[in-house]
Amino acid sequence: MTVLPHTTTATTVVLVGSPGASRHRLVAALEAAPQGPDGTGPCAVTVIDPGVPTPALAEALAADPAGLVHVVGSFEPPCQLPLDELDEADWAARAEAPVWALIETLQAVRRGPDPHLPLVVVVDADGLTGAVGATAETTAAEGARAVAKSAGRAWGAGGPAIHLVATTRAALSGAAPVDGAFRAPSRGEPTVAQAADAIHAAFALPDGIGVTTLVVDGARTMMP
Amino acid sequence: MMDLTDHVVIVTGAARGVGVGIAQAFSAAGARVVLAVRDTAAGDEVLAGLPAGGLTVRCDVTDRGEVEQLVAVTRERFGRLDHVVHNATSGRSSEVVDLADVDHELWQQHASVSLRALHRLAAATGPALREARGSLLVLTSPAGIEGSSTVPLYAAVKGGQRGFVRSLAQEWGPAGVRVNALAPLAVSPALRNAFVENPELEERLTRATPLRRVGDPRTDIGPAAVFLCSPAAAYVTGQTLIVSGGRFTAL
């Protein structure tokens, strides 16, 4: 577990996500945002690797965070891998393990000291549309969205407020977007700062809004 | 446009329920159906009722060797493969669980049949489907679209399948192979058992369905599967067709 330095006045957000430059950029953007999840000021982020033994996450949850962000899968620079080149180990790691990791996080929150802890799940926006060479990643993204909806249905008011933010790999990694997308982003390529803002906005959504997906893709898909 | 005479289709999980209805509908459209089943006796019973004939092949889709054998036997016997319908799901699909309590073993059960086997089946049949400019059809579920409080792992893998279909449709489209999903509301063996245990459930579900009945695998779901694989849907790919009597209308 990596605990990033934070001040005693800042609220804390726990972020569960795969190590890498994208995670680092997202953490920095979350901390740079003027308002954290409770709207009282900036936040500090405690980072946990997915799939770590439960005590690491339990310890972070015991520290009374204001919210939890779970990033599904890796958001490192785009790496197209056609189905024929995707071996079974790749498949398990990219398509299945990220969904199970989200389930583990949800279970930890449910069993933790605050079963109402607000939760934002970050998924690859490609899951909404599909993308060449991304069968595994989009499987994980849409599997994770279904998990979040199921948790919202099962636990209702007795569970955490759950929302999703769907954003692009390019936004989190800072890499150039993959060529070939037909639709241009009508508001420009999304940035990691916009993704972070959307995460904070998702935390701030009113109670009456059920599990919903905020799409941060530069207004490319304009999904319902 | 729905004539599939001489086409060859593999249907996984074809020994019971929706899989049987799909096999019957493909056969009625003239296709030869390869029934990929774990219970070959049950498969042979289904095969006996198929007017266009076919083949029963023992296949546990979680076994890579058996999937490869399925494809090899199909091509050896018929010389072609035009369509694949992945309908098989875990035997524990309908088990009611709380997401808070599910363990990794149960997740593996679901993922191995609905996700890993789908990847494996697509990889193994891709060359034949490209040769035939055919289609891959995945039986998903409304649960994968809106989540489920009672079968969350089933919902997870069914949602995942939709993400898979969207990407593979884009990947295989240039080769002329179409990839779609079908989300049915139908009387499966599990649902039928649930109706027996809880007669009110059938009434409630029927009342909540605008067409006032739960879908029949052969007459309601099978034809929709045939449509998606037929020339009538030649310009349809990457889609999920919800066949639920109007029960599920939000995407």
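Reader: How do you know that the span of helix α3 (residues 64-78) of chain B agrees with its number of residues?

Author: In this predicted model, α3(B) has 15 residues, and because the expected span is 1.5 Å times one less than that number, the helix should span 21 Å; its end C-alpha atoms are 21 Å apart, which agrees.

Reader: What makes the buried residues of α3(B) lie on the same side?

Author: The buried residues of this helix are B:Val67, B:Leu70, B:Val71, B:Thr74 and B:Phe78, and they cover an arc of only 90° around the axis, so they fall on the same side of α3(B). An α-helix has 3.6 residues a turn, and therefore residues three or four places apart point the same way. The buried residues of α3(B) pack against β1, β2 (32-37), β3 (54-58) and α4 of chain B.

Reader: What makes B:Asp63 a cap of the N-terminal end of α3(B)?

Author: A side-chain oxygen of B:Asp63 lies 2.8 Å from the backbone nitrogen of B:Gly65, and because a polar contact is a pair of N or O atoms within 3.5 Å, this pair meets the cut-off. After α3(B) comes B:Gly79, whose phi is positive, near 75°.

Reader: Why are strand β1 (residues 8-12) of chain B and β4(B) said to pair?

Author: Pairing needs at least two bridges, and these strands have three in the parallel sense, so they count as paired; B:Val9 stands opposite B:His83 in β4(B). Four bridges join β4(B) to strand β5 (residues 135-139) of chain B, also parallel, and there B:Val84 stands opposite B:Leu136. From β4(B) the chain crosses through helix α4 (residues 104-132) to β5(B) in a right-handed β-α-β crossover.

Definitions and conventions: Residues are numbered from 1 along each chain as its sequence is written. Chains are lettered from A and ligands numbered from 1 in the order in which they are written. This is a predicted model: local features need pLDDT of at least 70, side-chain atom pairs count only at pLDDT 80 or more; totals for chains, interfaces and linings use all residues. Side-chain values use heavy atoms; hydrogens and water are left out. A crossover is right-handed if, with the strands pointing away from the viewer, the path from the first strand over the helix to the second runs clockwise. Buried means under 20% relative accessible area, exposed over 50%, partly exposed in between (1.4 Å probe, protein chains only). The arc is that of the directions from the helix axis to the C-beta atoms. Contact means heavy atoms within 4.5 Å. A polar contact is a pair of N or O atoms within 3.5 Å; within protein, one must be able to donate a hydrogen and the other to accept it, and residues adjacent in sequence count only if both atoms are side-chain atoms.
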